[in-house]
Amino acid sequence: MNKPSCALVNKPFSGSVVVVGASVSKKKIALSGSYSSSSLASLSAPLGITGEADTFTRVVDPTNPKRVLAIVGLGPTPLTPQALRNAAAVASRRLTDSSTITFDFGAESEEDIEAIAEGALLGSYSFQKYKSSSSNSYKLERIEIIAPKKFAPTLSRSEITSSSVALVKDLVNTPANDLYPASFATAAQEAIKGLPIKATIWDEKALAKDGFGGILGVGQGSSRPPRLMKLEYSSRQARHKIALVGKGITFDTGGLSLKSGAGMIGMKYDMTGAATVLAVIRAAAQLKLKVKITAWLCLAENMPSGTATRPNDVLTIRGGKTVEVLNTDAEGRLVLADGLAAASEEKPDLIIDVATLTGAATTALGTRYTGAMGDERSISHLVELGKAVGETFWHMPLPEEIRAYLNSDIADLANIKQGNTAAGMLVGATFLQQFIGKTSDKDDAPLIPWIHLDVANTANNAGAPFGVVASGPTGVAVRTLIKLSESFAAA
């Protein structure tokens, strides 16, 4: 990942490209910052400047022919932090061939400056690790924002959130020949180096000893054994505890229930959930949040071989529940079951799992809404926090009748209902719900509040970039979960 520096300035550097916002007010184009009274706005029509979101136009500054201006659409007024964040991302994504870019958006509030910085840094992301140096056209070294210097401390949070998203993208972009369970755990240790985060790793022998049959069962077909990684961050002032559980299938062939050749392309991204929870706990430690967070990274490679789990095999999950495996390509829920059961043992205030779980998520919600299932009150809070950072979640139901789909003749439950094509996302979530523990040891105690995020449809953008979302891995949910952690720290 190439990471430019970010700073507040009084005026543009002489060699920088200046980014100016164009908004639409009463059907007229208005420019931002020091260009608000410029005659350039009157030339918007012939220059093709519409002010619509995601638009981008390069022009020569009529007042300084040596300077290039990048006019980016802000959309209609009144402007929101999200509009500024998206526009900044669009501009920086298009200007990575420039060494320095300066945002002249006229921002004067802490919230707006934070949004611009975050958007600019998110948009500047580039993954060049596997390209030869001759093909690397990335030149961006410095991002400047014209704003009062007193707001300089606000850049810190933007840098942490953007680097958290970049961490997820880096891991997802890394091919599976380099990123497998053991190397993922090593990368995670490197990511948290120097931070007050305790790491515990279970290898295949420890997994067997401690009853993590789901992770073992999924990973036993690969020559590269599975791992479970537990990360713990705890502030001394913490009053609340969150558990994060991430699906970490470093490559998913489907196992013996083999995917098609085309269906395997992109399956290196099946570890997005584990990367996400790693990024969130790291951000919490960097921000020194007054909260306790435990992250469980459930890591396995799902491969076919003579040692692979077979359809009709029965696995024993942590805690003793048994699962008949009817489809080895429904493996994510098996590794998550172990993680959720282990997380429940510590009785946190909230459990959140993140997983690229079902193709049905795309059928149900398209590619821009992430499905959230579980505790209504917790999901309502999550949805509102998502709106604040421009991430969209949709509360999906968990109908009681779906539990019967998972009945097994020989085990406590099956991992799929064979032949069923309806409500696949809800079936997956209902399976996971069976491994959520109670808030106490009392028989009548309620279940621990829990949210399941199925990011299979939003974790990767196969289409054109929009706003802060580039093509490829999106890092979805990271910024919302950081916000959620901050809200627990402040409660």
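Trainee: In what order do the eight strands of the open sheet stand?

Mentor: This is a predicted model, in which local features need pLDDT of at least 70, side-chain atom pairs count only at pLDDT 80 or more, and totals for chains, interfaces and linings use all residues. Residues are numbered from 1 along each chain as its sequence is written, and side-chain values use heavy atoms, leaving out hydrogens and water. Strands (E, at least two residues) and helices (H or I, at least four) are DSSP runs numbered from the N terminus, and strands pair if DSSP finds at least two bridges between them. Pairing in the open sheet is mixed, and the order is β8-β9-β11-β10-β14-β18-β15-β16.

Trainee: Which strands stand at the edges of that sheet?

Mentor: An edge strand here has a single partner, so one of its sides has no neighbour in the sheet. That holds for two strands, residues 197–202 and residues 393–395. They are β8 and β16.

Trainee: Which residue of β11 is the bridge partner of L244?

Mentor: Strand β10 covers residues 241–252 and strand β11 residues 292–302. The two run parallel and share eleven bridges. In β11, L244 is matched with A295.

Trainee: At about what angle does helix α10 run to β10?

Mentor: Helix α10, residues 332–345, lies across β10, β11, β14 (350–355) and β18 (450–454). Angles run from 0 to 180 degrees between N-to-C directions, with axes fitted to C-alpha atoms, for helices over the stretch in contact, contact being heavy atoms within 4.5 Å. Relative to β10, the direction of α10 is at about 160°.

Trainee: And at about what angle does α13 run to β18?

Mentor: Helix α13 is formed by residues 424–433. It lies across β14, β15 (370–374) and β18. To β18 its angle is about 145°.

Trainee: Why is strand β5 described as largely enclosed?

Mentor: Buried means under 20% relative accessible area, exposed over 50%, partly exposed in between (1.4 Å probe, protein chains only). Strand β5 spans residues 68–76. The rest of the structure largely encloses β5 because the buried residues number seven of nine.

Trainee: Which residue of β5 does T57 stand opposite?

Mentor: β5 has a parallel partner in β2 (residues 17–25), over seven bridges, where G21 is matched with V72 of β5. Strand β4 (residues 56–60) pairs with β5 in the antiparallel sense over five bridges. Opposite T57 in β5 is I71.

Trainee: Which residues does L453 contact beyond its neighbours within four places in sequence?

Mentor: Several of the contacts of L453 fall between residues listed as I352 and A372, including D353, V354 and T370. The full set is I352, D353, V354, A355, T370, G371, A372, L382, F393, A477 and L481.
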